2 protein chains.
Amino acid sequence: MKSLSIGLIGVGTVGRGVVNVLERNKNEISRRTGCNINLVSASARDVNKAQAFLGENVKVYSNPLDVVKDPKVEIVIELIGGTTDAKSILVESMRVGKPVITANKALLAEHGNELIDLASQHNGILGYEAAVAGGIPIVKALREGLTANSIQWVAGIVNGTTNFILTQMRDRQAGFAEALEEAQRLGFAEADPTFDIEGIDAAQKLSIIAALAFGISVQPNRVFTEGITKLEPIDVNAAEDFGYRIKLLGMARRVSSGIELRVHPTLVPEKSSIAAVRGAMNAVLVQGDAVGPTLYYGAGAGSEPTASAVIADLVDISRLINSSPDQRVPYFAFEKGQMSDEPVLDIDDVVTSYYLRIRASDRPGVLADISRILADNTVSIEAMRQREPMGKDELVNIIILTHVTRERNIRAALGRIEKLDSITGKVVMLRMEHLDFVNE
Amino acid sequence: MKSLSIGLIGVGTVGRGVVNVLERNKNEISRRTGCNINLVSASARDVNKAQAFLGENVKVYSNPLDVVKDPKVEIVIELIGGTTDAKSILVESMRVGKPVITANKALLAEHGNELIDLASQHNGILGYEAAVAGGIPIVKALREGLTANSIQWVAGIVNGTTNFILTQMRDRQAGFAEALEEAQRLGFAEADPTFDIEGIDAAQKLSIIAALAFGISVQPNRVFTEGITKLEPIDVNAAEDFGYRIKLLGMARRVSSGIELRVHPTLVPEKSSIAAVRGAMNAVLVQGDAVGPTLYYGAGAGSEPTASAVIADLVDISRLINSSPDQRVPYFAFEKGQMSDEPVLDIDDVVTSYYLRIRASDRPGVLADISRILADNTVSIEAMRQREPMGKDELVNIIILTHVTRERNIRAALGRIEKLDSITGKVVMLRMEHLDFVNE
């Protein structure tokens, strides 16, 4: 199998996420790219600490530019943040013809126009999926997925810190200061949170989104920006009385006279998808003239979610380098010869939880019989409720939610339950999925 | 500018959508691809009708294979449905080395494994974004956006007809038959709805999703499939009592012993994003080990949403053909030299609606004064509420939601309101966005 050598600049939270995910999903990723991706060098402020984390096989420099110059390095990943050194790294990578990946929204917002001019001159490759909305592949959606559309507007929750604070203010009826403190305590806000709470981070991301959506230059300074620091609980509550939630929304909208770019606390209808985005999650809503509304939701920050986007760029580039252009992306996502024959399970072997509706005579002992049969088959009951008969027959509906179990156990139990004298007809059985994470 | 000639097989609902969107967004699409896309030939069962719709410049055949053979055609789009003729079209396109795009999920589910083998042999290009979840770019997300991840599971509402019926059953307390009738009346269900309501369409899509997520072959016959025809209102209501909604969910999950593939009515927590997907909309939830949960939402069917996905494939292919591989996708989505200088508007020129909180003395005439000033500035009131003072001062909070207006009008009005004797301090002003579509 081919191999590809990468250099990592910055071994902080996201850098470590990249290393961990590349290692853990090595096999899965090489099935998708047809090549092994190897970290050969890195740079970090604390060389010893980075060396201890990365192990002997990775050369660790203190100067980021040494990574770019390292002849073994084929692709550069910049994860140091800031805009001065980071810019030098991108410029130098392009100059020496090495593809470069960054998660640096500030860099792209401030110098994006200049950097893409330079990239064009050098025929360079620049990946920045991680710079907007972390793990959500929104750059790809806008650059490639929605290309048929004239984009009408984009509305996004693109800053997790402020969304976390707003969620706290609402859930706990907390003031801004108190909610900020809680966010800091839990690691969702920095010690100096200005950049997030004043909307600057969101405005930078919005300026990149607008460039992608409308084909305008990146103009962070033209984004009208208002943070959430002045929000008071009375306004959160009053908005709620009218059926709205308050979110820090980034809006980019095309109107006849030009483009609106603005980040500010915004009332959105409580039933809209955007209103349901809780905690530190992000979501971007894109309105295209052909497709209508589409929404992209996920983690907008954090070690591994951001690493997910960085590595997606890495996979894109390694596919470019290693494949004929026509075959860049494997037809079914994995390389030919890398399809697996993992078995698809019979339904009897599926493990999930269940809703049961049992029609029974309303007489003593029925519930005991049912409970015993379920227990005999190792099915445990999460909740049970009896519904009064709706018609004139004397039957009641017993509704049971079960804990997780194997389908064959449920089927065996139902076979026996349906044979009870007190039971009429077949038991209605529906499956349940908790999809827990959505509500965090 | 370069140009690219395409042939369209099938001029039905989706085919017309493709023609309309390509025409309407001609300029936008060529800014993204650096080339003009021209429809040169087509085939349709009713040649005259198609000719009338497509105009004189398009050659219309009755035999689909004549489109593939047409020497002018560089890319073939197959939109006839069915699996026999459609398969011949794909096979023939690959044989003659023409990229081919299809929206045909049945074809891919039944013959996908064979077709990608053939595509590999011929080094062919096969686009099928439109085959799964219509306008949502989920194929791209799975093949490219989430490649860093070991996918743990995918749960999707991928059939709009059944989701529409389930939404009706819940909203109107309707039985299945009645809800189906309503769906048919409104054009959301076919005269023969079997394919949708029995879950077969969803199972086909799920089998493609599973191949993309796990790198297994496409196995529609291994999907455990149960439709929604037996659902009764009592179960919809009982589920709701426990805090759940019933959705026709497609689940593909990797567990230690293999892969679960199943489509069936499923109870999902009412607060989950999936539960909020109403009407004919689709949503796909993907759980990756690095990124965590991500969700993709949009229209899963219909003329222009499906055309959006077909044209996204077309743009991908034209970028491949017309660019150096490294520059396949423009850095900021639009081609160099195609960036526009549309003005970013000043906030004064933004048009939206507003939330105002005004602290006023509780005395007669205050509301009249405020209303008059708003009216003078052409701001109309949507709702108004007065909140009792919370502290001991004698001030009340007057909360006003306005209809849409220009920001300069609001600012002018607030300037005058703040000068009224009865008003204390600055007016709190927040902006509102209705994002209407989300609730349909």
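I take the expected span of a helix as 1.5 Å times one less than its number of residues. The model I examined is a predicted one.

**Entry 1: a helix of chain A**

I applied that rule to helix H11 of chain A, residues 200-214. Its 15 residues should span 21 Å, and I found the end C-alpha atoms 21 Å apart, so the expected and computed lengths agree. I then asked how many residues of H11(A) are buried. The count is 14 of 15, and I noted the helix as mostly covered. Just after H11(A), I recorded a positive phi of about 70° at Gly215(A).

**Entry 2: relation of the two chains**

I superposed chain B on chain A and obtained a rotation of 180° with 0.0 Å of shift along the axis, at an RMSD of 0.0 Å. I entered this as a two-fold axis, because that is the relation such an operation describes. Which residue of chain B comes closest to the rotation axis? I found Tyr296(B), whose C-alpha lies at 2.5 Å from the axis.

**Entry 3: pairing at Tyr296**

I next looked up the strand that holds residue 296. Strand S12 of chain A (residues 292-299) is joined to strand S12 of chain B (residues 292-299) by 3 bridges, and the two strands run antiparallel. Within this pairing, I saw Tyr296(A) opposite Tyr296(B).

**Entry 4: extent of the interface**

I listed the contacts between the chains: 122 residues of chain B are in contact with 122 residues of chain A. On the chain B side, strand S10 (residues 258-269) supplies the largest share, with 11 residues. I sorted the residues of that side by character and obtained 70 nonpolar, 29 polar and 23 charged. I also checked whether the copies use the same surface or different ones. They meet through the same surface, because 100% of the interface residues of chain B are also interface residues in chain A.

**Entry 5: strand S17 of chain B**

I followed strand S17 of chain B (residues 428-432) to its partner in chain A, which is strand S10 (residues 258-269). The two pair in the parallel sense over 2 bridges. Leu267(A) has Met432(B) as its bridge partner there. I then turned to a pairing within chain B, where strand S13 (residues 351-361) and S17(B) run in the antiparallel sense over 5 bridges. I noted Val428(B), in S17(B), as the bridge partner of Arg357(B). I therefore record S17(B) as paired both with S10 of chain A and with S13 of chain B, since at least two bridges count as a pairing.

Conventions
Residues numbered from 1 in each chain as written. Chains lettered and ligands numbered in written order. Predicted model: local features only at pLDDT ≥ 70, side-chain atom pairs only at ≥ 80, totals over all residues. Contact = placed C-beta atoms within 7 Å. Helix = DSSP H or I, 4+ residues; strand = E, 2+ residues; numbered from the N terminus. Nonpolar A, V, L, I, M, F, W, Y, C, P; charged D, E, K, R; others polar. Buried ≥ 20, exposed ≤ 12 C-beta atoms within 10 Å, placed from the backbone. Least-squares fit on C-alpha atoms with pLDDT ≥ 70 in both.
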